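Could you walk me through this model in a viewer, telling me what to select at each stop and what is there?

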Amino acid sequence: MTYQPKSDFLRVMIERGFMADCTDLQGFDEALIAGVVPGYIGFDATAKSLHVGSLMQIMTLRWLQKTGHKPITLMGGGTTKVGDPSFRAEERPLLTAADIDANIAGIKTVFAKYLDYGEAPTGALMLNNAEWLDDLNYLEFLRDIGRHFSVNRMLSFESVKSRLDREQSLSFLEFNYMILQAYDFLELNRRYGCRVQFGGSDQWGNIVNGIDLTRRVIDAEVFGLTTPLLTTSDGKKMGKTANGAVWLNADMLSPYEFWQFWRNTTDADVGRFLKLYTELPVEECDRLGALGGSEINAAKIVLANEVTALCHGREAAEGAEATAREVFEKGGTGEDLPTLTLTAAEVADGISVAQLITRSGLAKSGKEAKRLIAEGGARMNDEALTDAGLMIGAADLGQPIKLSAGKKRHALVVLSE
């Protein structure tokens, strides 16, 4: 990279590893220096929570605000009705309006932890593209907006091309998604003076479409910046585990389990993740990431604490660390562990330990639970389990039971009062 940015925001993006591409680095840098720049990221409401895969985007907006600019979180209340075809093998299932509204309500709660919403010049805005998409007149939209799009060019985008190359269906409904997303950028510039769209590098084509449309329709100069699509050092997609997505909402994944996900980071990823997901100085991130042997475990605890404190609060992070120390170092049960609560009726005739392992989330199925026991990977109250048919009754639950799958995953089973 020959051009060296002067703005605080772009320096942070480059130093901490957030930037993959920028449409006009020097022009964007000059805009950032000249005054407050509003920038947005769109989030489709396909679930009631975002997961760790969205955290780099959220941190991008957080740094935008911390360096004196205005973040816009755009909820895709309109575009979620269509579905983003990007790099998917099939269409997304269509959601009802009620489903979308419920998902947006769940997603909104996480943003308030990372961004300051308010009336200040740099106060974040929470918007919903249904505001302008729901009332579009189709014929006017085709005439005024559709004429600016080349189908030949749209077919060349990797997100579409990959589907067609595999001879998989790409519906007209999904094909319209990129036009709607481009229109979002145009409307955000018209209504709120938005100058930049951020997104993962898989969104490059959609972002460029929006920049081109905004220039053609209202002759406004806007920019795009993409972040790298992150995988862990062993090639796995960020935010996915054997047990599913690592959700950011506490009601979908406990702060302890969230903390534990970061504590289990691969050694090679610690320094990089500290730079991306915490606000520790870059030098400290590099120092911690370079630790070797058992010392790297201390760096992982710092990582887990800092990321959890941002997402769930400092108290939750300290509680998760205390629980982990109790479970791993002192052999205790840890009150903050994921907990399965059973009624007396459920255990009146006894319940097998394999069922408990499954219902507590330590295994996805009874078959997996039985295999875990057979291979010596399951414990109850720190004692190895050997019998998948072992029955647990109310008398056994006079005290909480701690179940363990391997060395790092634990859950409590308690009897409701």
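Here is a tour in five stops through this predicted model.

**Stop 1: strand β5**

Start by selecting residues 196-200, which make up strand β5. Five of the five residues here are buried, so the strand is largely enclosed by the rest of the structure. Now add residues 38-43, strand β2, which runs parallel to β5 and is joined to it by two bridges. To see this pairing in detail, pick G39 and find its bridge partner in β5, V196.

Next, bring in residues 223-227, strand β6. The pairing between β5 and β6 is also parallel, and it extends over five bridges. Here F198 is a good residue to click on: its bridge partner in β6 is L225. Finally, show residues 204-218, helix α11. Together β5, α11 and β6 form a β-α-β unit, and its handedness is right-handed.

**Stop 2: F28 and the cores**

Keep the strands displayed and select F28. Which residues does F28 contact, leaving aside its neighbours within four places in sequence? They are F9, L10, C22, V37, V196, F198, F223 and L225. You have just met V196 as the partner of G39, and F198 and L225 as partners of each other.

F28 belongs to the largest nonpolar core, a set of 66 residues, in which F28, W262 and Y277 touch the most other members. Colour helix α15, residues 295-312, as well: this helix gives the core its largest share, eight residues. There is also a second, separate core of 29 residues, and you can find it by selecting Y40, I72, V82 and F149, which are among its members.

**Stop 3: the aromatic cluster**

Move on to W262, shown with its side chain. W262 is part of one aromatic cluster together with F258, F261, F273 and Y277. Over the model, the count comes to 11 aromatic pairs. In one of them, the ring centres of F261 and W262 are 5.1 Å apart and the planes lie at 85°, so this pair is edge-to-face. Is F261 buried or exposed? With a relative accessibility of 18%, F261 counts as buried, while W262 is buried with a relative accessible area of 0%.

Turn next to the rings of W262 and F273: their centres are 6.0 Å apart and their planes at 80°, so this pair too is edge-to-face. This pair links distant parts of the chain, with W262 in helix α12 (residues 255-263) and F273 in helix α13 (residues 270-277), 11 residues apart. F273 is buried, as is W262.

**Stop 4: T80**

Now select T80, in the loop between β3 (70-75) and α4 (97-114). Its relative accessibility is 4%, so T80 counts as buried. What do the polar atoms of its side chain meet? One lies 2.9 Å from the backbone nitrogen of A45, and the backbone oxygen of G76 lies 2.4 Å from a polar atom of the T80 side chain. Setting aside neighbours within four places in sequence, T80 contacts D44, A45, T46, L95 and I100.

**Stop 5: the five-stranded sheet**

For the last stop, display the open sheet whose five strands follow the order β9-β15-β14-β11-β12, with mixed pairing. Its edge strands, β9 (339-342) and β12 (383-384), each pair on one side only. Then look at β11 (residues 378-380) and β14 (residues 401-405), which pair in the antiparallel sense over three bridges. Select R379 to finish, and you will find S404 of β14 standing opposite.

Notes:
Residues are numbered from 1 along each chain as its sequence is written. This is a predicted model: local features need pLDDT of at least 70, side-chain atom pairs count only at pLDDT 80 or more; totals for chains, interfaces and linings use all residues. Side-chain values use heavy atoms; hydrogens and water are left out. Helices (H or I, at least four residues) and strands (E, at least two) are DSSP runs, numbered from the N terminus. Buried means under 20% relative accessible area, exposed over 50%, partly exposed in between (1.4 Å probe, protein chains only). A polar contact is a pair of N or O atoms within 3.5 Å; within protein, one must be able to donate a hydrogen and the other to accept it, and residues adjacent in sequence count only if both atoms are side-chain atoms. Contact means heavy atoms within 4.5 Å. A nonpolar core is a set of buried Ala, Val, Leu, Ile, Met, Phe, Trp, Tyr and Cys residues joined through side-chain atoms within 4.5 Å. Two strands pair if DSSP finds at least two bridges between them. A crossover is right-handed if, with the strands pointing away from the viewer, the path from the first strand over the helix to the second runs clockwise. Rings of Phe, Tyr and Trp (its six-membered ring) pair if their centres lie within 6.5 Å; planes under 30 degrees apart count as stacked, over 60 as edge-to-face and the rest as tilted.
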